[in-house]
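I opened this notebook to record, entry by entry, what I looked up in the structure. The entries go from the interior outward to helices and ring pairs.

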Amino acid sequence: MAPVKAAPFAPAELARALEAAARAAGFHVCEFGRAGDCPLLGLTRRTAGPRPRIYLSAGIHGDEPAPPLALLELMNEGFFDHRAHWIVCPLLNPAGFAAATRENAGGIDLNRDYRRTRSAEVAAHVRWLRRQPNFDLYLTLHEDWEATGFYLYEINPQGRPSLAEPIIESVRTVCPIDPHELIDDRPAAGGIIRPDVDPAVRELWPESIYLRAHHAARGYTLETPSGMPLELRVRAQKAAVNTAVARYLG
């Protein structure tokens, strides 16, 4: 499928909308860096009492607009409530978002830059993450222009009850599931990839492997198919996030 690159927001406009929605939802807003005229936002919402800590990120690839737009809609819909402590980075590559490119303005794929960091964006993100507590669950939101449907990666080395199948079933109601037995050169079944994860042997670290190595043992990468309509992809991301959080919290 050919990628759908058009997005309804310029990055600075989207960042302003995300910041406004976050403040209205009770988040503390931190600008932990900048990319051109656009801030890199770290959003935190602490809830009274012991609660799980859930991290979400989006927009690390600029040609993947549905994830940050899905987080914006969830913010406006009151999703980020008292059920958890929330840590959200909604637009990690605004320069790429402006150009509709996977890479940042310097041609670096930020999602391969977390082990031997070269980019200012990832360096700033890592510094900010180091100031946060560890997470109980992380969700990284992505898109794939080669995919024929939704799929996900599950990192769950401790073998806790899987959220993958419930996520797939919830997304199936709004978006096709990728049926292939090999996705992104990895074995898949029913839209689920469960990779062998050993950060020590990975030369290039995506954000999810960095998070696995330093911040949380359990996480999911959610992938919508870029060739499908943007509105459908936003709905699929929201369905996946809603189900992951609801099932995790029980």
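Before listing neighbours I fixed the term: two residues are in contact when heavy atoms of theirs lie within 4.5 Å. I also noted that the model is a predicted one.

**Entry: Phe 80 and its surroundings.** I looked up Phe 80 and found it in the loop between α2 and β4. Its relative accessibility is 3%, and because buried means under 20%, Phe 80 counts as buried. With neighbours within four places in sequence left aside, I listed its contacts as Ala 25, Phe 27, Arg 45, Leu 56, Leu 71, Leu 74, Met 75, Trp 86 and Val 88. For a distance along the chain I took Ser 162, which is 82 residues from Phe 80, and the two C-alpha atoms are separated by 22 Å.

**Entry: the cores.** Which residues have the most contacts inside the largest nonpolar core? I found Phe 80, Trp 86, Phe 150 and Ile 167 in that role, within a core of 53 residues. Helix α7, residues 230-249, gives this core its largest share, nine residues. I then noted a second core, separate from it, with 25 residues, among them Ile 87, Val 126, Trp 128 and Trp 205. As background I wrote down that nonpolar side chains tend to be buried together in soluble globular proteins.

**Entry: helix α1.** I checked the length of α1, residues 11-24: at 1.5 Å a residue its 14 residues should span 20 Å, and the end C-alpha atoms are 20 Å apart, so the two values agree. The buried residues I found in α1 are Pro 11, Ala 12, Leu 14, Ala 15, Leu 18, Ala 21 and Ala 22, and they pack against β1, β2, α2 and α3. After the helix comes Gly 26, with a positive phi near 90°.

**Entry: helix α4.** Is α4, residues 120-129, mostly covered or mostly open? I found it mostly covered, as seven of its ten residues are buried. These are Glu 121, Val 122, Ala 124, His 125, Val 126, Trp 128 and Leu 129, and what covers them includes β1, β2, β3, β4 and α6.

**Entry: Ser 170.** I located Ser 170 in helix α5, residues 164-172, where its relative accessibility of 18% means that Ser 170 counts as buried. A polar atom of its side chain lies 2.8 Å from the backbone oxygen of Ile 167. Leaving out neighbours within four places in sequence, I recorded contacts of Ser 170 with Ala 239, Ala 240 and Thr 243.

**Entry: aromatic pairs.** How many aromatic pairs does the structure hold? I found eight. One of them joins Tyr 55 and Phe 135, whose ring centres are 4.9 Å apart with planes at 10°, so the pair is stacked. Because Tyr 55 lies in strand β3 and Phe 135 in the loop between α4 and β5, this pair ties together parts that are 80 residues apart in sequence. Both Tyr 55 and Phe 135 are buried. Tyr 151 and Tyr 153 form an edge-to-face pair, at 5.9 Å centre to centre and 65° between the planes, and both of these residues are buried as well. I also followed ring pairs that link Phe 27, Phe 79, Phe 80 and Trp 86 into a cluster. Over the ring of Phe 79 sits the charged end of Arg 83, 4.9 Å from the ring centre.

How values were computed
Residues are numbered from 1 along each chain as its sequence is written. This is a predicted model: local features need pLDDT of at least 70, side-chain atom pairs count only at pLDDT 80 or more; totals for chains, interfaces and linings use all residues. Side-chain values use heavy atoms; hydrogens and water are left out. A nonpolar core is a set of buried Ala, Val, Leu, Ile, Met, Phe, Trp, Tyr and Cys residues joined through side-chain atoms within 4.5 Å. Buried means under 20% relative accessible area, exposed over 50%, partly exposed in between (1.4 Å probe, protein chains only). Helices (H or I, at least four residues) and strands (E, at least two) are DSSP runs, numbered from the N terminus. The expected span of a helix is 1.5 Å times one less than its number of residues. A polar contact is a pair of N or O atoms within 3.5 Å; within protein, one must be able to donate a hydrogen and the other to accept it, and residues adjacent in sequence count only if both atoms are side-chain atoms. Rings of Phe, Tyr and Trp (its six-membered ring) pair if their centres lie within 6.5 Å; planes under 30 degrees apart count as stacked, over 60 as edge-to-face and the rest as tilted. A charge sits over a ring if NZ of Lys or CZ of Arg is within 6 Å of the ring centre and within 35 degrees of the ring normal.
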